[in-house]
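Colleague: Could we go through this structure together? I have a few short questions on it.

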Amino acid sequence: MHVIEFLADLQAQHDETTARADELRDQIQHLTALPAETEARLVDLTTTRKVIAGLAPAGGQPAPPETNTAYQTIVNTFNQHLDQEFRARELHELLGMPTDEASVNITRSRLGRLTRQGFLVQPRRGHHQKRT
């Protein structure tokens, strides 16, 4: 009888330890994701700051050409075509940019950031337009 109680106690300890290990794995997974999420937010904030600074330069003077980033070019294009929707590839064609898949994917990412930051809206999947 004593051996059975010992085995039951050992099984209970095993179950508790397994549950605790699972909890710790979940916590590690959550904590591992936090730096990436924070870095993505930092990139979004930096991009927003740069775009706003490029759209409203100090002293009312136009921004120098060397500060005209890809984000500014995209926003300027949407400002010139307020009611028009663009897909990333169409935007590339309009701007004379390369239309290879890698370049277009980078622009898709930029359009997504500008949409999350409120500069653009996405009236339907894959289409972006200036927020009015």
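Colleague: To begin with a single side chain, is Arg-20 buried or exposed?

Modeller: Arg-20 falls between the two: with a relative accessible area of 43%, Arg-20 is partly exposed. Please keep in mind throughout that this is a predicted model.

Colleague: Which residue does Arg-20 meet in a salt bridge?

Modeller: The partner is Glu-23, and the N to O distance between the two side chains is 3.3 Å. Glu-23 is likewise partly exposed, at a relative accessible area of 42%.

Colleague: Where do the two sit relative to each other along the chain?

Modeller: Both belong to helix H1, and because Arg-20 and Glu-23 are three residues apart there, about one helical turn separates them.

Colleague: How many salt bridges are there in the whole structure?

Modeller: The search returns five salt bridges. One of these joins the side chains of Arg-89 and Glu-101, with 2.8 Å from N to O. Arg-89 is in helix H3 while Glu-101 is in helix H4, so this salt bridge ties together parts that lie 12 residues apart in sequence.

Colleague: And what else does Glu-101 meet in a salt bridge?

Modeller: The side chain of Glu-101 also meets that of Arg-108, at 3.2 Å from N to O. Through shared partners, the salt bridges join Arg-89, Glu-101 and Arg-108 into one network.

Colleague: How accessible are the members, starting with Arg-89?

Modeller: Arg-89 has a relative accessible area of 30% and is partly exposed. Glu-101 is partly exposed at 43%, and Arg-108 is partly exposed at 37%.

Colleague: Let us change topic to the overall fold. What is the order of the elements from the N terminus on?

Modeller: The order is α-α-α-α-β-β, which corresponds to four helices and two strands.

Colleague: What share of the residues is buried?

Modeller: Of the 132 residues in the protein, 21% are buried. The accessible surface comes to about 9400 Å², and carbon and sulfur atoms hold 57% of that area.

Colleague: And what part of the contacts is long-range in sequence, at 24 or more positions apart?

Modeller: Among contacts with a separation of 6 or more, 46% link residues 24 or more positions apart.

Colleague: Now the interior. Which residues touch the most other members in the largest nonpolar core?

Modeller: That core has 13 residues, and those touching the most other members are Val-51, Ile-74, Phe-78, Leu-91, Leu-111, Leu-114 and Leu-120. Two or more core residues come from each of helix H2 (70-80), helix H3 (88-95) and helix H4 (101-116). H2 supplies the largest share, with four residues.

Colleague: Is there a general reason to expect such a grouping?

Modeller: There is a general tendency for nonpolar side chains to be buried together in soluble globular proteins.

Colleague: Take Leu-114, then. What is Leu-114 in contact with, beyond its neighbours within four places in sequence?

Modeller: Leu-114 is in contact with Val-51, Tyr-71, Ile-74, Val-75, Phe-119 and Leu-120.

Colleague: Which residues of H3 are buried?

Modeller: In H3, the buried residues are Ala-88, Leu-91 and His-92. Viewed down the helix axis, they fall within an arc of 100°, so they line one face of H3. Their cover includes H2 and H4.

Colleague: What phi does Gly-96 take?

Modeller: Gly-96, just after H3, has a positive phi of about 70°.

Colleague: Turning to the surface, which residues make a nonpolar patch there?

Modeller: Val-3, Phe-6, Leu-7 and Leu-10 make a nonpolar surface patch of about 410 Å². Leu-10 lies in helix H1, which covers residues 2-55. The relative accessible area of Leu-10 is 42%, so Leu-10 counts as partly exposed.

Colleague: One last item: how far apart are Arg-116 and Asp-44 in sequence and in space?

Modeller: Their C-alpha atoms are 8.6 Å apart, although 72 residues separate Arg-116 and Asp-44 in sequence. Arg-116 lies in helix H4. Since its relative accessible area is 57%, Arg-116 counts as exposed.

Key:
Residues numbered from 1 in each chain as written. Predicted model: local features only at pLDDT ≥ 70, side-chain atom pairs only at ≥ 80, totals over all residues. Heavy atoms only, no water. Core = buried A, V, L, I, M, F, W, Y, C linked by side-chain atoms within 4.5 Å. Buried < 20%, exposed > 50% of the residue type's maximum accessible area, 1.4 Å probe, protein only. Contact = heavy atoms within 4.5 Å. Patch = residues over 30% accessible without salt bridge, like charges linked within 9 Å, V, L, I, M, F, W, Y side chains within 5 Å. Areas by Shrake-Rupley, 256 points an atom, 1.4 Å probe, with all protein chains shown as cover. Salt bridge = Lys/Arg side-chain N within 4 Å of Asp/Glu carboxyl O. Arc of directions from axis to C-beta.
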